[in-house]
Structures are given as structure tokens and as C-alpha cells.
Amino acid sequence: MACQYRLKRAGRQPSGRGGAVQCRTMKGREQVESAYVLRHHELGEADKIVVLFTRERGLGRAVARAVRKAKSPLAGRLEPFNELELTLVSGRSLQTISHSQTLRRFPHVVSDFDGLAAAMSANELLLSLLETDDPHPDLFDAYGALLALLQPPCRAELLLASFEMQLLTALGYRPELESCIRCGCALDEGEALGGLAVEEGGVACLDCRDGTRPLSLGAWRLLQALQETPLAASPALRATDDLVIQVRHALKAYTAVRAERDLRAQRMFDWRGQQAP
């Protein structure tokens, strides 16, 4: 099955205009790109490897030299959940970050538990599903919109589910919700709904429900609404907390198959629920 999903995406052209990467070129080997830091880890005594999500190139990695030194001009400037403008210098293998300017800050994300859980989960989704050097400007904008919308009080789990649905759709993994993924029969108003066939990529009817994940009628309708509703309008969707949790778990199981890995960041929501009185 692992090969099945790789082959599905093989040969897809980059989504930038005309299939080309759009970036501002400076003199020599320098480029200026809009970016978010998704993750970083230490390299040697003072450097870091930074995983970036950029408008111009999509997912990529770069080196931040001496960033862990107190006097470094990059110190404290390469943290997640801020929109940055980076100057990148091409190297033999990885680019080097020579300058960083903050374009937008989202301090509310790290000050609210649910907002942080949703933002970390979104980072994990991007890292798990995107391919290197495959730009998706619409997803870049959607990620920025998600960070902006995670203002408490907000329905962080619903916003995350909306972003996840947009991500799946943009990458060609949009779940089939109108008819049975196995036999093709129409589900009409949901009377024939049997469950979610996560590996096949959609819902199954009652006659084909063997081996499917249980899915309530309300959760099915909320999934349909998320497919048709822009991210910015998703907080207005009428759904109980229980339905939102059902949908989040269903999407997590569905996405994990496409990512070929467990998605751990969303456990933060479950941990919070266990700690509630």
C-alpha cells in the first residue's frame, strides 16, 4: 500500500504559476522567500537545521549558522508560528539563512493550550504530507489564516479539521463522501451510511461496511460541510463538541494512512480531555 500513495502523487507538477517556483532573486546566490519554521534541531555546537514551509518552494531545509550563540543576529528569530522573510544563500547541499525579518507574529498561539495543540498538529500534517520543493501557495495562505484564527476563545479542533480537509483536497486525497467508495451506490441522506473506509479513501454503504471505521450520521454531515466551507467560515459551522471530536479522530485515521505514519501531535487534545475535571 505504501507504493500506492507514492505512485498517486508521482509526476505531479509544482503548483506555482506555470509550474515554476516564484521567488525574488538578489545578487549572486541569494534569494528572499516568505516562510514559516515548522521544526528545527541542533547541528554541531552552535548551528541549527531549520525545516521551512515557504510560499515559493514549499517544504525545504536550511542551515542557520551560529544561531545558538547569544550575539547571533538570528537568535530568537527562527521560531515556529511566525511569518518570516528570509534571505537564503545557496550552498552545495543546503541553503544558509543569512537574514530573517518577522512579517507577522501570532503570540496567541503559544499562550493558549488548544491553539498550540492545533498549530503543532498543523505543522505535523505539513511535514508528513508535503514533498520537498513542491510549492503550494494556497496552502501557505491557509496555514497563515489558521494561525490568525486560533485566537482564544476559538474552536481550535474545528479549525484544525477544516485546515486538514483543505490540505487533503489540495494534495489529491479528498475523501469521497457522496457515494460508496467500494460499490459506488449513492448514500442519499445518509440512511445507507456504513462507515469510513480509511484505506480506500471514502465512506462505505451498509452492504460494504465490513472493516470500516464507525462514522455517525452527524459526523458524516460535518465532514461534508468542511469540504464545502472555507477555513475562515468554518467557526460558524453548527456542531457539538462531540461531533467535532469524532470528525477529528476520523480525519486523523484517514490522514495517517496517506502519511504512512502515526500523527502524534493531536494527542495533546486527548490529554487535555483526560485532565479535565
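This briefing walks through the side-chain contacts, cysteines and internal space of the structure above.

Please keep in mind that the model is predicted. A search of the whole structure finds 13 salt bridges, and there are six aromatic pairs as well. The disulfide count is zero, while the count of cavities of 30 Å³ or more comes to one. Helix H4 is a good place to start, with Phe 140, Tyr 143 and Asp 141 as its residues of interest here.

**Aromatic rings**

- A pair of aromatic rings is described by the distance of the centres and the angle of the planes.
- Among the six aromatic pairs is the one formed by Tyr 36 and Phe 140: the ring centres are 5.0 Å apart and the planes meet at 45°, so this pair is tilted.
- That contact joins distant parts of the chain, since Tyr 36 sits in strand S2 (residues 30–43) and Phe 140 in helix H4 (residues 137–149), with their positions 104 residues apart in sequence.
- Tyr 36 has 0% relative accessibility and therefore counts as buried; Phe 140, at 1%, counts as buried too.
- Phe 53 and Tyr 143 make an edge-to-face pair, because their planes stand at 80°, with the ring centres 6.3 Å apart.
- Here strand S3 (residues 47–54) supplies Phe 53 and helix H4 supplies Tyr 143, so the pair ties together parts that are 90 residues apart in sequence.
- Are Phe 53 and Tyr 143 buried or exposed? Both of them are buried.
- Taken together, ring pairs link Tyr 36, Phe 53, Phe 140, Tyr 143 and Phe 163 into a cluster.

**A charge over a ring**

- Arg 258 lies over the face of Tyr 254, at 4.0 Å from the ring centre.
- Tyr 254 comes up again below, as one of the residues that line the largest cavity.

**Salt bridges**

- One of the 13 salt bridges brings together the side chains of Arg 55 and Asp 141, with an N to O distance of 2.4 Å.
- Arg 55 belongs to the loop between S3 and strand S4 (58–64), and Asp 141 to helix H4, so to speak a link between distant parts of the chain, 86 residues apart.
- Both ends are partly exposed: Arg 55 has a relative accessible area of 29%, and Asp 141 is at 38% relative accessibility.
- Arg 57 forms a salt bridge with Asp 133, where the closest N and O atoms are 3.3 Å apart.
- This pair, too, links distant parts of the chain: Arg 57 is in the loop between S3 and S4, Asp 133 is in the loop between helix H3 (113–129) and H4, and they are 76 residues apart.
- Arg 57 counts as buried at 12% relative accessibility, whereas Asp 133 is partly exposed at 44%.
- Which residues are linked with Arg 57 in a network of salt bridges? They are Glu 33 and Asp 133.
- Glu 124 and Arg 261 form another salt bridge, their closest N and O atoms being 3.8 Å apart.
- Glu 124 lies in helix H3 and Arg 261 in the loop between helix H7 (241–259) and helix H8 (267–275), 137 residues apart.
- Glu 124 is buried, with a relative accessible area of 11%, while Arg 261 is partly exposed, with 38%.

**Cysteines**

- The structure has zero disulfides.
- Why is Cys 180 in no disulfide? The nearest cysteine sulfur, that of Cys 183, is 3.7 Å away, and a disulfide needs the two sulfur atoms within 2.5 Å.
- With a relative accessible area of 3%, Cys 180 is buried.
- Cys 185 is in no disulfide either; the nearest cysteine sulfur is again that of Cys 183, at 3.5 Å.
- Cys 185 counts as partly exposed, at 29% relative accessibility.

**Internal space**

- Rolling a probe the size of a water molecule over the atoms shows where empty space is left.
- The largest cavity holds about 40 Å³ of space.
- Its lining is made up of Pro 175, Leu 177, Leu 196, Leu 223, Ala 250, Leu 251 and Tyr 254.
- Which element gives the most to the lining of the largest cavity? H7 does, with three residues.

Methods. Residues are numbered from 1 along each chain as its sequence is written. This is a predicted model: local features need pLDDT of at least 70, side-chain atom pairs count only at pLDDT 80 or more; totals for chains, interfaces and linings use all residues. Side-chain values use heavy atoms; hydrogens and water are left out. Rings of Phe, Tyr and Trp (its six-membered ring) pair if their centres lie within 6.5 Å; planes under 30 degrees apart count as stacked, over 60 as edge-to-face and the rest as tilted. Helices (H or I, at least four residues) and strands (E, at least two) are DSSP runs, numbered from the N terminus. Buried means under 20% relative accessible area, exposed over 50%, partly exposed in between (1.4 Å probe, protein chains only). A charge sits over a ring if NZ of Lys or CZ of Arg is within 6 Å of the ring centre and within 35 degrees of the ring normal. A salt bridge is a side-chain nitrogen of Lys or Arg within 4 Å of a carboxyl oxygen of Asp or Glu. On a 1 Å grid over the protein atoms alone, a cavity is a set of points where a 1.4 Å probe fits but cannot get out, and a pocket is an open set with protein on both sides within 12 Å along at least five of seven lines; lining residues have an atom within 4 Å of a point. Grid points are joined across faces, edges and corners, and a volume is the space filled by probe spheres set on the points.
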